[in-house]
Amino acid sequence: MKENIDALLDAWPSIQEGIVVTLQLTAGGALLAFVLALALGLAARAHNIVIRGSARAFIEFFRGTSLLVQLFWLFYVVPLFGYLIDPVLCGILALGLNYGAYGAEVVRGAINSVPQSQWEAATALDFSHWQRLRRVVFPQAWAEMIPPLTNLLIQLLKGTALASYILLQDLTFEIDQLRRTTGNTLFAFGVGLVIYFVIGYVLTLLMNALEVRAKNRLGTGPSLREIFSLAPSDPRGLEAANQ
């Protein structure tokens, strides 16, 4: 066991570099996926059949094909046409396009879940279409989007492990190098599991905080301060306790 620990300490600088690459892929892919999800989710609800049809075709294509194959196309096939893509950018594009297509369905479904009465109330206030969407509908839909988007974010994090197939020295690559050094598969991939779990758990906590904030702004949940406060949040309850 001591030999394994020593090998881990020796490999730790390289593992840290792998973690940085994984975080770059996660952050870049998540940002691109979110932008695409918003654009495609709204376009899939458009009255214009060309816009709606194009959005549906894009969504179904990237949902219906393998992320690994998309990654290979961007890294190995596109250069055949004279366009060489940096490996990190290639990974971000593949992750963003794939998970953006899944996220588009989350956005579309969340907006559709907002009661029609909310649209009608905003229309009665003489809001334009984009004002209705931005000021009334989207804040309500946003709170509904966050839990499924959190799941997609964790899936995206795990999807970054495919980056080792395009010669990126990400966390999975460095963990495999540790396995080769120690000859102990259980130890090496056990370390990998723990690191991926920690990163995923931190991301989940951040997204949960975002969900709490979104619901609090709608008046349907407590604030973060109230959740972490040791004092009762209800003044009447505090007053009753003092009596």
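A cavity is here a set of grid points where a 1.4 Å probe fits but cannot get out, and a residue lines it when one of its atoms lies within 4 Å of a point. The model examined is a predicted one. With that in hand, the enclosed space can be taken first and the open pockets after it.

The structure holds one cavity of 30 Å³ or more, and the volume of the largest cavity is about 50 Å³. Its lining is made up of Leu25, Leu67, Leu71, Gly91, Ala94, Leu95, Gly159, Thr160, Leu162 and Ala163. Two helices, H3 (67-77) and H4 (87-113), each contribute at least two residues to this lining. H4 provides the largest share, with three residues. In terms of class, seven of the lining residues are nonpolar and three are polar, while none is charged. The polar group includes Gly91, Gly159 and Thr160, because glycine is counted as polar in this scheme.

Attention now turns to the open spaces. The largest pocket encloses about 400 Å³. It is lined by 19 residues, of which Ala30, Leu31, Phe34, Leu153 and Met207 are the closest to the pocket centre. Four helices give two or more residues each to the lining of this pocket: H1 (2-43), H4, H6 (129-159) and H8 (185-217). Among these contributors, H1 supplies the largest share, eight residues. The class make-up of the lining is 16 nonpolar residues and three polar ones, with no charged residue. H4 thus appears in two linings, as it gives residues to the largest cavity and also to the largest pocket.

For the second largest pocket, the volume comes to about 230 Å³. Around this space stand Leu42, Ala43, Arg45, Ala46, His47, Trp119, His129, Trp130 and Leu133. H1 and H6 are each the source of at least two of these lining residues, and H6 gives the most, with three. By class, the lining has six nonpolar, two polar and one charged residues. The charged residue is Arg45, because arginine belongs to the charged class, whereas His47 and His129 fall among the polar residues.

Read together, the two pockets both draw on H1 and H6: these helices are among the elements that line the largest pocket, and each supplies at least two residues to the second largest pocket. A charged residue is present in the lining of the second largest pocket, but is absent from the linings of the largest pocket and the largest cavity.

Note on methods:
Residues are numbered from 1 along each chain as its sequence is written. This is a predicted model: local features need pLDDT of at least 70, side-chain atom pairs count only at pLDDT 80 or more; totals for chains, interfaces and linings use all residues. Side-chain values use heavy atoms; hydrogens and water are left out. On a 1 Å grid over the protein atoms alone, a cavity is a set of points where a 1.4 Å probe fits but cannot get out, and a pocket is an open set with protein on both sides within 12 Å along at least five of seven lines; lining residues have an atom within 4 Å of a point. Grid points are joined across faces, edges and corners, and a volume is the space filled by probe spheres set on the points.
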